[in-house]
Amino acid sequence: MNIEHQGIGMTSQRSRNRLVEQLRTMGIQSELILDAIKNTPRHLFIDEALASRAYDNTALPIGFNQTISQPYIVARMTEALIAGGKPLKKVLEIGTGCGYQTVVLARFAEQVYTIERIQGLLSRARERFYSLKCRNIKAMNSDGNLGWPEQAPFDGILVTAAPVGVPAQLLEQLAVDGRLVIPVGTAGAQKLLLLTRTEDGISEKYLDAVSFVPMLGGTN
Ligand code: SAH
């Protein structure tokens, strides 16, 4: 790993270890997930002025009125997505943002498809995928409510912005045994859900109370 990816001072290994211990205390059990958080350079996904807070367990601004998700939430969602135990071939992410969650996901899936409605965020995220040599990520500027029908079905779908209800197209693009992790609801009353497609329908599990930016329509 080169020095930029390793980080210095507050972005160092010590602050990463501290973050991982916090996540463990909060209930993240998968060592695979904890390792992924430890080894993903979160300081490269935010503005340099905020780098000293990169390994704090908080959401941070990334411009365009959006935020990079809290590491605990990234860990929790990814853990829920991989907990089916089957290898994930195709995973779809809605809400690329700065690309941090995408890069964490890319460690667990053969191919990640990610959709972001704000072009300015997407082009910066793409540069990060390139410089981190994440070659199994395809990114598109589109409205995530529609999913990515040409690539469906997906073994997993992870949504990082909150719609008021589960978009029908995303459910339709879920493979049998596929898992959809999604925050649903309006500001102040969102719940994180795990929906699993079974042979005869959809099963639903409540995971957490959460606070995401709203999922909007169209592109920008
Ligand atoms: N996973 C991101 C979280 C970014 S915040 C990260 O860690 O950085 C949520 C993102 O969802 C924002 O970038 C927002 O622009 C995007 N978003 C909101 N509605 C969307 C939609 N309909 N389609 C695609 N992206 C959307």
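Visitor: Which backbone atoms lie close enough to the ligand to count as polar contacts, say at R117?

Guide: A polar contact is a pair of N or O atoms within 3.5 Å. This is a predicted model, and in it a backbone N or O atom of R117 lies 3.3 Å from a nitrogen atom of the ligand. C98 has a contact of its own: one of its backbone N or O atoms is 3.1 Å from an oxygen atom of the ligand.

Visitor: What does the side chain of D143 do with respect to a nitrogen atom of the ligand?

Guide: An N or O atom in the side chain of D143 is 3.0 Å from a nitrogen atom of the ligand. As for cover, the ligand on its own has 570 Å² of accessible area, and the protein covers 99% of that.

Visitor: Which residues come nearest to the ligand?

Guide: A residue is counted around the ligand if one of its heavy atoms lies within 4 Å. There are 26 such residues, and the nearest are T67, E116, D143, G144 and L216. By type, the shell has 11 nonpolar, 11 polar and 4 charged residues. β2 gives the most to the shell, with 3 residues.

Visitor: Where in the protein is the space taken by the ligand?

Guide: The ligand takes up the largest pocket. That pocket has a volume of about 520 Å³. Its lining is made of 34 residues, and Q66, T67, T160, A161 and V213 are the closest to its centre. Two or more lining residues come from each of β2 (66-68), β3 (88-94), α5 (100-105) and β4 (109-116).

Visitor: How many residues of the pocket lining are nonpolar, polar and charged?

Guide: The lining divides into 17 nonpolar, 13 polar and 4 charged residues. The largest share of the lining comes from β2, which supplies 3 residues.

Visitor: Now the backbone. What kind of peptide bond joins A152 and P153?

Guide: The general idea is that most peptide bonds are trans, and that most residues other than glycine have a negative phi. The bond between A152 and P153 is cis, with omega of about 5°. P153 is placed in the loop between β5 (137-141) and β6 (154-159).

Visitor: Is phi of N65 positive or negative?

Guide: Phi of N65 is positive, near 65°, and N65 is a residue other than glycine. To find N65 in the structure, look at the loop between β1 (60-63) and β2.

Note on methods: Residues numbered from 1 in each chain as written. Predicted model: local features only at pLDDT ≥ 70, side-chain atom pairs only at ≥ 80, totals over all residues. Heavy atoms only, no water. 1 Å grid on protein atoms, 1.4 Å probe; cavity = no way out; pocket = protein on both sides within 12 Å on 5 of 7 lines; lining within 4 Å. Points joined across faces, edges and corners; volume = space filled by probe spheres on them. Helix = DSSP H or I, 4+ residues; strand = E, 2+ residues; numbered from the N terminus. Nonpolar A, V, L, I, M, F, W, Y, C, P; charged D, E, K, R; others polar. Polar contact = N/O pair within 3.5 Å; in protein donor to acceptor, adjacent residues only side chain to side chain. Areas by Shrake-Rupley, 256 points an atom, 1.4 Å probe, with all protein chains shown as cover. Sits in = over half its atoms within 2 Å of the grid points.
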